[in-house]
Amino acid sequence: MKNSYQKTLYASFTGCIVQAIVINFAPLLFLTFESSYNIPISQITLLIMINFAIQLMMDLFSAPFIDKIGYRAAIVMAHVCAATGLLGLVFLPEWMPHPFHGLLVAVIIYALGGGLIEVLISPIVESCPTENKEKTMSLLHSFYSWGQMGVVLLSTLFFKLVGIENWKIMACIWAIIPLVNAFVFTKVPILSPCDEGTASSSIVSLLKDKTFLLFMLMMICAGASEASVSQWASTFAEKELGVSKTVGDLAGPMAFAFLMGSVRLFYGKSGDKINLDRFILSSAVLCVISYLCISLSPWPPLALIGCALCGLSVAIMWPGTLSKAAALYKTGGTAMFALLALAGDVGCISGPALAGFVSDIASNNLKYGLLAAVVFPVLLIFGILLVKPKKR
């Protein structure tokens, strides 16, 4: 591959880190927002919902817009929105009559950027002339995990050394990354995800395809399998297992992100020697085992091991499903990646929601909630078994 396209890959990897920044930085400051701006938890919850709602809207409606203005303009705009939203967290609460309105506008702006990056980054990487696209896709998505870990660790270290009251400085520092990457994307070559002279598929035609609907189901299950544990791991460890918050965070979401990123990095380096179908299938089986360890084990250390093991097992689900769909639907184009991103985000919302709903019914027992969420990796097993013969 030419050196110029290697630069495109590096910019795309950085794009995943930008996505991790806009998703994971603000939640570290929710208690600070509550105390500094006198914002109730109910309004902070609304910020979370708006963030995901905007990203879902971008997944659903951005494809025609992207095809009209082009990939380069869209990815540069996405990074500018991400940087503007992060800077908006710093300035808008002070400039607007009510601080919550300023935070809300900032969240909307960077959610637009994050949603666009999610839709754009996979087809940009898929279009690069790499020898093994499954490996490259897995390597791409590993950078979200490293970004997530970096945001949490570096921000926490900054708050510890400099003070949480100086969080605005950290927000400005994080905003530098999308600004620089926006400039990089103005220079690097970007190819169309479809072959020249070939029309890309429409959303309607894809939704009429039963095999593609199976891929969407797999993406829902992949997102739900990942998010059900990652979103509840810290709370589960602290509440149900009785460990401290520090131990819970390190043994829960941090270990989860580290192992998930490690597996994606491993497949990104050695994926050409591994059968992708078998890898996804075995990972889904391992995911079922990890959920059962978390929810049924009476021994807290084994439950914590189950949380970490879940990160190991879900790593290939999302990028692997994207790679399988891209290999089968050569003319899928922007519409295909947008629909798959939409399905994955639906899973990221529905998985934790199901776990929380069942937990409420079971007297706030998260073990029952996570046990209910085992339905998602089970459905993924059926999905990969059904898609595999159709691909042949």
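A residue is called buried when its relative accessible area is under 20%, exposed when that area is over 50%, and partly exposed in between. In the predicted model described here, T331 has a relative accessibility of 30% and therefore counts as partly exposed. T331 lies in the loop that runs between helix 13 (317-328) and helix 14 (333-361). The C-alpha atom of T331 is separated by 36 Å from that of G150, a residue 181 positions away along the chain.

A contrasting case is offered by R264, which is placed in helix 10 (residues 245-270) and which, because its relative accessibility is 3%, counts as buried. When neighbours within four places in sequence are left aside, the contacts of R264 include S138, L139, H141, S142 and S145, and to these are added E226 as well as V314, A315, W318 and P319.

With regard to the overall fold, the secondary structure of the protein chain consists of 16 helices, with zero strands. The C-alpha trace, followed along its principal axes, spans about 55 × 50 × 35 Å. For a chain of 392 residues a compact globule would be expected to have a radius of gyration near 21 Å, and the 20 Å found for the protein chain agrees with this expectation. Among contacts in the protein chain with a separation of 6 or more, 83% are accounted for by residues 24 or more positions apart.

Burial and surface composition were then considered for the chain as a whole. Of its 392 residues, 55% count as buried, while the area that the protein chain exposes comes to about 16600 Å², of which carbon and sulfur atoms supply 68%. As for charge, the chain carries 24 positive and 20 negative charges, and the mean positions of these two sets are 8 Å apart.

In soluble globular proteins, nonpolar side chains tend to be buried together. In the present model, the largest nonpolar core comprises 119 residues, and the members that touch the most other members are F25, I75, L89, F185, M336 and L340. Helix 5 (residues 99-127) contributes the largest share of this core, namely 14 residues. The surroundings of one of these highly connected members, L340, can be given in detail: not counting residues up to four places away in sequence, L340 touches F212, F215, M216 and M219, together with L322 and A325.

How values were computed
Residues are numbered from 1 along each chain as its sequence is written. This is a predicted model: local features need pLDDT of at least 70, side-chain atom pairs count only at pLDDT 80 or more; totals for chains, interfaces and linings use all residues. Side-chain values use heavy atoms; hydrogens and water are left out. Helices (H or I, at least four residues) and strands (E, at least two) are DSSP runs, numbered from the N terminus. The radius of gyration is taken over C-alpha atoms; the globule rule is 2.2 Å times the number of residues to the power 0.38. Buried means under 20% relative accessible area, exposed over 50%, partly exposed in between (1.4 Å probe, protein chains only). Contact means heavy atoms within 4.5 Å. Accessible areas come from the Shrake-Rupley method with a 1.4 Å probe; for residues, only the protein chains shown count as cover. Lys and Arg count as positive and Asp and Glu as negative; His and the chain ends are not counted. The place of a charge is taken as NZ of Lys, CZ of Arg, CG of Asp or CD of Glu. A nonpolar core is a set of buried Ala, Val, Leu, Ile, Met, Phe, Trp, Tyr and Cys residues joined through side-chain atoms within 4.5 Å.
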